[in-house]
Amino acid sequence: VDTSPDMRHQLLSCGIPSVDAILFTHAHADHITGLDDVRILNRLIGRPIEAFATPETLGELQSRFGYAFKPWSGNGFYRPALVGCPVQPATEIEAAGMPVQLFHQNHGMTSSLGMRIGDFAYSTDVVDLPELAMQCLSGVDTWVVDCFLSHGRHNAHANLKIAVGWAMRLKPRRTILTHMGTDMDWAWLKANLPDGIEPGFDGQILEIQT
């Protein structure tokens with residue numbers, strides 16, 4: 001999901017052998033500027049990689065990384081090679097052989113895509129979840145969700161009160177906070193969050209049953 005600036009480091013440190021498809025949640029720099037490192041992923045699987053995103057996000061990507069979306073000639077990978085696959089929220093797609101439910105998220109002055117695969121869901125960069133998104137998340141077992149601030153209000157990201165409120169309503173077995181800002185103290189969160197809610201950490205591995 002996304003091609004962050006440190007994507008290459010993340011893939012190496014976590015021992016990820018290859019990537020079959022990419023879903024872009026939105027086009028902010030911290031989610032797309034590692035796109036050039038897709039080239040080695042192309043080499044590993046020997047083909048262009050499908051890039052799923054809304055038409056608006058694909059337009060941004062194609063504007064900034066137009067060379068990555070040019071038709072592949074079949075003569076090796078001297079550049080990243082992506083195939084744009086436009087998608088819409090409130091639909092189900094198939095990506096990397098898996099059914100993925102997509103839903104709209106309010107990200108302040110823009111929007112982002114949330115995703116659900118079976119009993120796992122991922123909601124990065126969100127300040128408000130519309131009712132359709134909450135319905136899509138109903139019954140989820142494991143949910144990774146944006147929580148940027150411990151206190152105060154941000155115009156584009158959820159704070160701790162908002163994220164915990166969502167978790168209390170949805171009641172997943174496990175909620176993992178992500179995209180945490182510098183005022184989030186990990187040890188305090190571990191000691192004080194309600195049962196079933198925890199702060200995430202770099203390199204964390206989640207065991208998901210499908």
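These legends describe close-up views of a predicted model.

**View 1. The seven-stranded sheet.**
Seven strands make up an open sheet with mixed pairing. Their order is E4-E5-E6-E7-E8-E9-E10. Strand E4 (91-95) and strand E10 (197-199) are the edge strands, and each pairs on one side only. Ignoring direction, neighbouring strands in this sheet are turned against each other by 25 degrees on average. Helix H6 packs on the sheet and touches E8, strand E9 (174-178) and E10. The direction of H6 makes about 160 degrees with that of E8.

**View 2. The pairing of E4 with E5.**
Five bridges link E4 to strand E5 (residues 98-107). The sense of this pairing is antiparallel. Which residue of E5 is the bridge partner of Ala95? It is Met98.

**View 3. The largest nonpolar core.**
This core holds 25 residues. Leu129, Leu137, Trp143, Leu160, Trp166, Leu177 and Leu193 touch the most other members. At least two residues come from each of helix H5 (131-137), strand E8 (142-146) and helix H6 (160-170). Which element gives the most to this core? H6 does, with seven residues.

**View 4. The surroundings of Leu177.**
This view centres on one residue of the core. Neighbours within four places in sequence are left aside here. Leu177 is then in contact with Val145, Cys147, Leu160 and Ala163. Its other contacts are Leu193, Ile197, Glu198, Pro199 and Gly200. A second, separate core has 18 residues, among them Met7, Val19, Ala51 and Ala53.

**View 5. The three-stranded sheet.**
E1, E2 and E3 form an open sheet in the order E1-E2-E3. The pairing is parallel. E1 and E3 stand at the edges with a single partner strand each, so one side of each has no neighbour in the sheet. On average, neighbouring strands of this sheet are turned by 25 degrees against each other, direction ignored. E2 and E3 run parallel and are joined by five bridges. Across this pair, Phe52 has Cys85 in E3 as its bridge partner.

**View 6. Helix H3 on the three-stranded sheet.**
H3 lies across E1, E2 and E3. The helix runs at about 130 degrees to E2. Which residues of H3 (residues 38-45) are buried? They are Val38, Leu41 and Asn42. These residues lie on the same side of H3, because they cover an arc of only 105 degrees around the axis. Their cover includes helix H1 (7-13), strand E1 (21-23), strand E2 (49-53) and strand E3 (82-86). Just after H3, Gly46 takes a positive phi of about 75 degrees.

**View 7. Cys85 and Cys136.**
How many disulfides does a search of the whole structure find? The search finds zero. Cys85 is in no disulfide, and its nearest cysteine sulfur is that of Cys136, 20 Å away. Why is there no bond from Cys136? The closest cysteine sulfur, in Cys85, is 20 Å from the sulfur of Cys136, which is too far for a bond. A disulfide needs the two sulfur atoms within 2.5 Å. Are these two cysteines buried or exposed? Cys85 is buried, with a relative accessible area of 14%. Cys136 also counts as buried, at 13% relative accessibility.

Methods
Residues are numbered from 1 along each chain as its sequence is written. This is a predicted model: local features need pLDDT of at least 70, side-chain atom pairs count only at pLDDT 80 or more; totals for chains, interfaces and linings use all residues. Side-chain values use heavy atoms; hydrogens and water are left out. A nonpolar core is a set of buried Ala, Val, Leu, Ile, Met, Phe, Trp, Tyr and Cys residues joined through side-chain atoms within 4.5 Å. Buried means under 20% relative accessible area, exposed over 50%, partly exposed in between (1.4 Å probe, protein chains only). Helices (H or I, at least four residues) and strands (E, at least two) are DSSP runs, numbered from the N terminus. Contact means heavy atoms within 4.5 Å. The arc is that of the directions from the helix axis to the C-beta atoms. Two strands pair if DSSP finds at least two bridges between them. Axes are lines fitted to C-alpha atoms, for helices over the stretch in contact, and angles run from 0 to 180 degrees between N-to-C directions.
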